[in-house]
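Hello,

Here is the structure you are taking over. Please open it first, then read my notes below.

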Amino acid sequence: MTVPLSRWPTPLDPAPRLARAIGLHPADLWVKRDDLTDLGGGNKIRKLEHLFAEAEGAGATVLVTEGGVQSNHARMTAAAAARRGLGCVLVLSGDPDPRHPGNLALEGLFGARVVVGPAVDDVVAQLREAGERPSVIPLGGSSVTGARGYLTCAAELAEQAPDAVHVVTAVGSGGTMAGLVAGLGAARVLGVHTGAVPDPEARVAALVAALGGSAAGLRLRTDQVGDGYGALTTAAEHAIRTAAATEGLVLEPTYTGKALAGLVAAVQEGAVRPGERTVWLHTGGLPGLFGHPFAEQVAREVLDRS
Ligand SMILES: *Cc1c(COP(=O)(O)O)cnc(C)c1O
């Protein structure tokens with residue numbers, strides 16, 4: 001059961017100039033445009049279609065979820081709650097900085113209440129006392145219910161690119177990779193860990209098993225994290241600049257920059273070879289770019305050159 005929050009399927013676009021720039025043949029590389037969804041764009045919406053159906057079925061009046069200060073998942077939950085006429089409380093961790101507004105600004109526009117610091121359980125208890133019926137969505141929406149959204153994406157890819165040898169995705173809370181693996185098989189999916197959780201492999205494997213798939217032979221790169229979740233790496237910066245300059249695609253430092261850097265490393269190692277049809281999943285996150293100091297750095301550079 002799902003509630004409709006966007007238009008499907010998302011497009012699969014060729015990326016010949018980017019392919020050539022990273023050492024593949026022009027016809028090898030395709031981008032699955034899960035950035036082109038509603039609610040500001042991104043992968044969480046596929047999960048939220050399932051999670052909102054579950055919450056609404058249970059009679060929820062307010063959705064509660066958690067994440068970092070620039071969580072795309074929190075922003076999309078706030079937008080979905082607005083769309084469905086429900087309340088939304090976002091429990092964020094970290095140090096919000098209004099000079100880098102990004103997702104935080106959108107959450108304000110969507111009418112969510114943002115609290116920084118407290119435990120989710122305490123927020124839920126307060127809401128119950130106030131007569132609300134809260135429903136908690138876990139970090140990144142990566143429950144088994146949420147991960148089902150990526151079974152649907154796997155089915156779209158089976159139609160759009162039946163001969164894809166590799167499907168490459170960023171891995172945060174793991175639900176995206178898990179749904180793809182459950183739908184396409186572990187051998188065809190390459191995940192790139194972003195440092196969002198300490199135990200990505202165990203999380204993905206548990207979700208794959210719960211979805212009825214096999215996680216044997218899971219392909220998960222853990223070499224792109226750098227100084228941690230959200231920290232820009234040299235490889236991600238290069239990937240962001242290359243994707244933008246060759247295809248007009250907008251990536252960001254936290255997820256998609258690292259995911260493309262992981263593909264670049266896989267090509268350099270020969271784990272992904274020219275002639276193998278490769279789908280790179282664009283998981284969205286554009287607002288997060290404007291929540292990161294990197295955007296300010298690029299703006300300064302362009303002004304210095306003017
Ligand atoms: C959350 C997120 C991911 C990671 O997805 P998970 O299902 O949490 O692993 C990747 N890219 C973007 C832009 C995200 O917001």
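**The annotated span**

The end C-alpha atoms of residues 6-284 are 14 Å apart, and this span is 42% helix and 18% strand. Please keep in mind that the model is predicted. Residues 6-284 are also what UniProt, in an unreviewed entry, annotates as "domain: Tryptophan synthase beta chain-like PALP".

**Two annotated residues**

Start with Lys44. The unreviewed UniProt entry gives it the feature "modified residue: N6-(pyridoxal phosphate)lysine". Lysine 44 sits in helix H2, which covers residues 44-57. Is lysine 44 buried or exposed? Its relative accessible area is 8%, so lysine 44 is buried, the cut-off being under 20%. Leaving out residues up to four places away in sequence, lysine 44 touches Asn72, His73, Met76 and Gly140.

Next, Ser71. UniProt lists Ser71 as "active site", again from an unreviewed entry. Serine 71 belongs to the loop that joins strand S3 (62-68) to helix H3 (72-84). Serine 71 is buried, with a relative accessible area of 8%. Which residues does serine 71 touch, not counting those up to four places away in sequence? They are Asn103 and Glu107.

**H2 against H3**

Lys44 turns up again here. It is one of the H2 residues that meet H3. The others on the H2 side are Ile45, Leu48, Phe52 and Glu56. On the H3 side they meet Asn72, His73, Met76, Thr77, Ala80, Ala81 and Arg84. By class, this contact of H2 with H3 has six nonpolar, three polar and three charged residues.

Now the geometry. Two packed helices are described by the angle between their axes and by the distance between those axes. For H2 and H3 the angle is about 50°, and the axes are 10 Å apart. That makes H2 oblique to H3. The crossing of H2 and H3 is right-handed.

**H2 against H6**

H2 also packs on H6. The angle between H2 and H6 is about 135°, and their axes are 7 Å apart. Why does this pair count as oblique? Angles over 145 degrees count as roughly antiparallel and 65 to 115 as roughly perpendicular, so an angle of about 135° leaves H2 and H6 oblique to each other. The crossing of H2 and H6 is right-handed.

From H2, the contact uses Arg46, Lys47, His50, Leu51 and Glu54. From H6, it uses Thr145, Gly146, Arg148, Gly149, Tyr150, Thr152, Cys153 and Glu156. These residues divide into three nonpolar, five polar and five charged.

**H6 against H7**

H6 (residues 144-160) has a further partner in H7 (residues 175-184). H6 and H7 pack at an angle of about 50°, with axes 7 Å apart. That makes H6 oblique to H7. The crossing of H6 and H7 is right-handed.

H6 brings Ala147, Tyr150, Leu151, Cys153, Ala154 and Leu157 to the contact. H7 brings Gly175, Thr176, Gly179, Leu180, Ala182, Gly183 and Leu184. How many nonpolar, polar and charged residues are in the contact of H6 with H7? There are nine nonpolar and four polar residues, and no charged ones. Tyr150 and Cys153 of H6 appear in this contact, and both are also in the contact with H2.

H7 itself is worth a look. Eight of its 10 residues are buried, so H7 is largely enclosed by the rest of the structure. The buried residues of H7 are Gly175, Thr176, Met177, Ala178, Gly179, Leu180, Val181 and Leu184. Glycine 185 follows H7 and has a positive phi, near 95°.

**An exposed arginine**

Last, arginine 133. It lies in the loop between helix H5 (120-129) and strand S6 (134-137). Arginine 133 is exposed, with a relative accessible area of 52%. Its C-alpha atom is separated by 7.1 Å from that of glycine 59, 74 residues apart along the chain. Leaving aside its neighbours within four places in sequence, arginine 133 is in contact with Ala58, Gly59, Ala60, Thr61 and Val62.

Best wishes

Terms used. Residues are numbered from 1 along each chain as its sequence is written. This is a predicted model: local features need pLDDT of at least 70, side-chain atom pairs count only at pLDDT 80 or more; totals for chains, interfaces and linings use all residues. Side-chain values use heavy atoms; hydrogens and water are left out. UniProt positions are given in the numbering used here, feature names are shortened, and annotations may be inferred rather than shown by experiment. Helices (H or I, at least four residues) and strands (E, at least two) are DSSP runs, numbered from the N terminus. Buried means under 20% relative accessible area, exposed over 50%, partly exposed in between (1.4 Å probe, protein chains only). Contact means heavy atoms within 4.5 Å. Axes are lines fitted to C-alpha atoms, for helices over the stretch in contact, and angles run from 0 to 180 degrees between N-to-C directions. Angles under 35 degrees count as roughly parallel, over 145 as roughly antiparallel, 65 to 115 as roughly perpendicular and the rest as oblique. A crossing is left-handed if the near helix is turned anticlockwise from the far one by less than a right angle, and right-handed if clockwise. Ala, Val, Leu, Ile, Met, Phe, Trp, Tyr, Cys and Pro count as nonpolar, Asp, Glu, Lys and Arg as charged, and the others, Gly among them, as polar.
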